[in-house]
Amino acid sequence: MTTKRKSIITGTLLLALLLLAVYIFKNNYQKENGASIRIATPTIFVHGWGSSYHAEESMVAYAQKHHATNSVICADVSSTGKVTLIGTIKKRAKNPIVEVNLQNNKSIFAGTNNQITAMNKSSNYIKDVIIALQKRYRFTRINLVGHSMGNLQIAYYLRNNATNAHMPQLNKQVSIAGHYNGYVGEQGAPNKTILNHADKPQKMSADYRELLNLRKKFPQKAAVLNIYGDMGSGSDGDVTVNCARSYRYLVSKRARSYQEQEIKGPRAQHSKLHENTNVDRLLVNFLW
C-alpha cells in the first residue's frame with residue numbers, strides 16, 4: 001500500500017471518528033439539557049401590567065374547548081428572570097401553549113425610573129422564558145400573544161432579538177389592546193394619537209420612538225393580528241384606537257401579513273378584552 005493511499009485512509013478514518021464524536025456530544029448535550037423532545041410551534045401568552053397568568057386562562061380555555069390545543073404549561077418568572085416551567089409538553093402535543101406569569105408584573109426595577117430602560121429589562125423576561133423552553137424542548141418557531149403591557153414587552157423583545165440567530169423565528173403575533181403610543185393619561189405621552197395615511201403618529205411617545213427600529217428589524221416571515229377595543233368613545237377606556245393601530249406603521253411593511261380587528265361595545269373594555277369570546281375566536285382562527 002502506498003504512503004499516499006495510507007494517508008487518505010487515515011484521514012477518512014479520522015474524519016469519521018470526528019463526525020461520530022460530534023454526533024455523540026450533540027446527543028448527550030440534548031439529553032443532559034432535556035432538549036431531546038421536538039415539539040410543535042409553542043404559543044407564549046404574556047399578560048398585562050399588574051396582572052398574572054389568570055388573565056390568559058379564558059383565552060386558553062377557549063382554545064382547549066375548541067380542540068386547538070391539548071397541552072398547556074405555565075412559565076413562572078421571578079423578578080430576576082429565573083424561569084420555572086410548571087407542567088410538561090409531550091412529544092406529539094398539539095399546538096402547545098405557555099402561560100407566562102411574571103412576578104415583577106409592573107416592570108419595576110430598583111434604581112430605574114426610566115420607562116424605556118425598564119421595558120428593555122422587562123422584555124428580557126420573554127427571552128428568559130424562550131431560553132428555558134429551548135433547554136427542555138426543540139423548536140424553531142414561536143407564536144407570541146400579548147395583552148396591554150405584554151405587547152410592549154413583546155415589541156421590545158423583537159426589537160432586541162429579531163436578528164438573534166440563537167432565538168427561534170417569530171411565526172405569528174397577536175396584539176391585544178397594545179398601547180404602543182402611550183395609554184390614556186400617561187405622563188409624557190401624546191394626549192391624542194393622530195395618524196397620517198401610513199398610520200404614522202403625528203406625535204410619538206418615547207416608547208414608540210424607541211421601537212422605530214422595528215421598521216428595519218421586524219421578522220419578515222411573521223404574520224400579525226392587531227386586536228383593539230372601542231367602547232364608543234374611540235378607546236377601550238385605557239388605550240385609544242389610534243394608539244393601538246399605530247403598530248401598523250412599525251411592522252406592516254416587513255411582516256408577511258398584517259391585519260386589524262376592532263371589538264366594539266361594553267365588552268371591548270381594556271381588561272375585558274381577554275375575557276371576550278369574539279377575541280378568543282379571532283385568536284384561535286388566526287393562530288391555528
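1. Ser-271 lies in the loop that runs between strand β10 (257-264) and helix α9 (277-287). In this predicted model, Ser-271 has a relative accessibility of 39% and therefore counts as partly exposed. Its C-alpha atom is separated by 8.6 Å from that of Asp-236, a residue 35 positions away along the chain.

2. Turning to charged contacts, the structure contains six salt bridges. One of them joins Glu-210 to Arg-159, with a distance of 3.1 Å between the closest N and O atoms. This pair connects distant parts of the chain: Glu-210 belongs to helix α5 (residues 206-210) and Arg-159 to helix α4 (residues 149-161), the two being 51 residues apart.

3. The partners in this α5 to α4 contact fall into separate accessibility classes. Glu-210 has a relative accessible area of 25% and is therefore partly exposed, whereas Arg-159, with a relative accessible area of 15%, is buried. The cut-off that applies to Arg-159 is 20%, since buried means a relative accessible area under that value.

4. A salt bridge is also formed between Arg-245 and Glu-260, whose closest N and O atoms are 2.9 Å apart. Here again distant parts of the chain are linked, namely helix α7 (residues 241-245), which holds Arg-245, and strand β10, which holds Glu-260; the separation along the chain is 15 residues. Glu-260 is buried, because its relative accessible area is 19%, and the limit for that class is under 20%.

5. Glu-260 takes part in a further salt bridge, in which its side chain meets that of Arg-248 at an N to O distance of 3.5 Å. Glu-260 in strand β10 is thereby tied to Arg-248 in helix α8 (residues 247-251), a distant part of the chain twelve residues away. Arg-248 has a relative accessibility of 25% and so counts as partly exposed, in contrast to the buried Glu-260.

6. Which residues are linked with Glu-260 in a network of salt bridges? The network comprises Asp-199, Arg-245, Arg-248 and Glu-260. Within it, Glu-260 forms salt bridges with Arg-245 and with Arg-248. Strand β10, where Glu-260 is located, also bounds the loop that carries Ser-271, which returns the description to the region of the opening point.

Technical notes
Residues are numbered from 1 along each chain as its sequence is written. This is a predicted model: local features need pLDDT of at least 70, side-chain atom pairs count only at pLDDT 80 or more; totals for chains, interfaces and linings use all residues. Side-chain values use heavy atoms; hydrogens and water are left out. Helices (H or I, at least four residues) and strands (E, at least two) are DSSP runs, numbered from the N terminus. Buried means under 20% relative accessible area, exposed over 50%, partly exposed in between (1.4 Å probe, protein chains only). A salt bridge is a side-chain nitrogen of Lys or Arg within 4 Å of a carboxyl oxygen of Asp or Glu.
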